[in-house]
Amino acid sequence: MSINKQRNLVSKHIRNGARGELCSFMFTHGVCECSRETTVFCHLKSGTHGMGLKGTDLIGAYGCRSCHDFIDGRMKNYYDENGIYLVKLNGLRETHRVLMKKKIIFYSDLACEALDSIYDKQEGLSKELYFEYVNKIIELYNKGDITVKGDKR
């Protein structure tokens with residue numbers, strides 16, 4: 001799987017936007033605490049981060065403390081790999097929807113169409129489809145079809 005090179009976007013608007021928001025993951029099996037008080041911005045795998053390195057702020061979602069612990073592997077896993085990637089993808093999409101509503105992130109029409117066409121392939125969702133979606137976000141950002149408030153390229 002090929003991952004697009006990315007500028008490591010760091011956005012205080014995206015990170016601070018998590019304050020008071022609902023968890024975008026909503027993991028079941030007693031994982032999600034559904035608490036606005038503990039919601040933070042959770043970085044997700046983007047292919048360019050690793051131990052001790054944060055990925056770009058474009059690839060992440062709002063998560064409560066428990067879901068964040070689950071995503072980062074600090075809690076017992078009740079899901080198969082495809083189930084986890086489905087929840088991550090839905091959390092990413094929901095967070096971007098909230099960020100667009102708050103006018104922190106902006107998608108061109110091309111970006112909306114491109115990402116929707118990938119998401120619509122969701123039958124049999126897999127890790128590969130998640131990374132195809134993430135890769136497309138990074139590509140669209142690099143081309144200027146996704147922009148972020150306060151980002152000075």
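K103, which follows helix α3, has a positive phi near 60°. The model is predicted. Helix α3 itself comprises 21 residues, 81-101. From first to last C-alpha, α3 reaches 30 Å, close to the 30 Å expected at 1.5 Å a residue.

The buried residues of α3 include G83, I84, Y85, V87 and K88 in its earlier part, and L92, T95, H96, V98 and L99 further along. L89 and G91 are buried as well. In an α-helix, residues three or four places apart point the same way, because there are 3.6 residues a turn. The cover over the buried residues of α3 includes helices and strands; those elements with stated ranges are tabulated below.

| Element covering α3 | Residues |
|---|---|
| β2 | 60-63 |
| α2 | 65-71 |
| β3 | 105-107 |
| α4 | 109-119 |
| α5 | 127-143 |

Helix α1 also contributes to this cover.

T38 occupies the loop between α1 (12-16) and β1 (40-43). T38 is buried, because its relative accessible area of 17% falls under the 20% cut-off. Its side chain makes a polar contact of 2.7 Å with that of E33. Neighbours within four places in sequence aside, T38 contacts E33, G63, C64 and R65.

For the chain as a whole, 5 helices and 4 strands are present, in the order α-β-β-α-α-β-α-α-β from the N terminus. Of its 153 residues, 47% are buried. Among contacts with a separation of 6 or more, 70% involve residues 24 or more positions apart. The exposed area is about 8,200 Å², of which carbon and sulfur atoms supply 50%.

Technical notes. Residues are numbered from 1 along each chain as its sequence is written. This is a predicted model: local features need pLDDT of at least 70, side-chain atom pairs count only at pLDDT 80 or more; totals for chains, interfaces and linings use all residues. Side-chain values use heavy atoms; hydrogens and water are left out. Helices (H or I, at least four residues) and strands (E, at least two) are DSSP runs, numbered from the N terminus. Buried means under 20% relative accessible area, exposed over 50%, partly exposed in between (1.4 Å probe, protein chains only). A polar contact is a pair of N or O atoms within 3.5 Å; within protein, one must be able to donate a hydrogen and the other to accept it, and residues adjacent in sequence count only if both atoms are side-chain atoms. Contact means heavy atoms within 4.5 Å. Accessible areas come from the Shrake-Rupley method with a 1.4 Å probe; for residues, only the protein chains shown count as cover. The expected span of a helix is 1.5 Å times one less than its number of residues.
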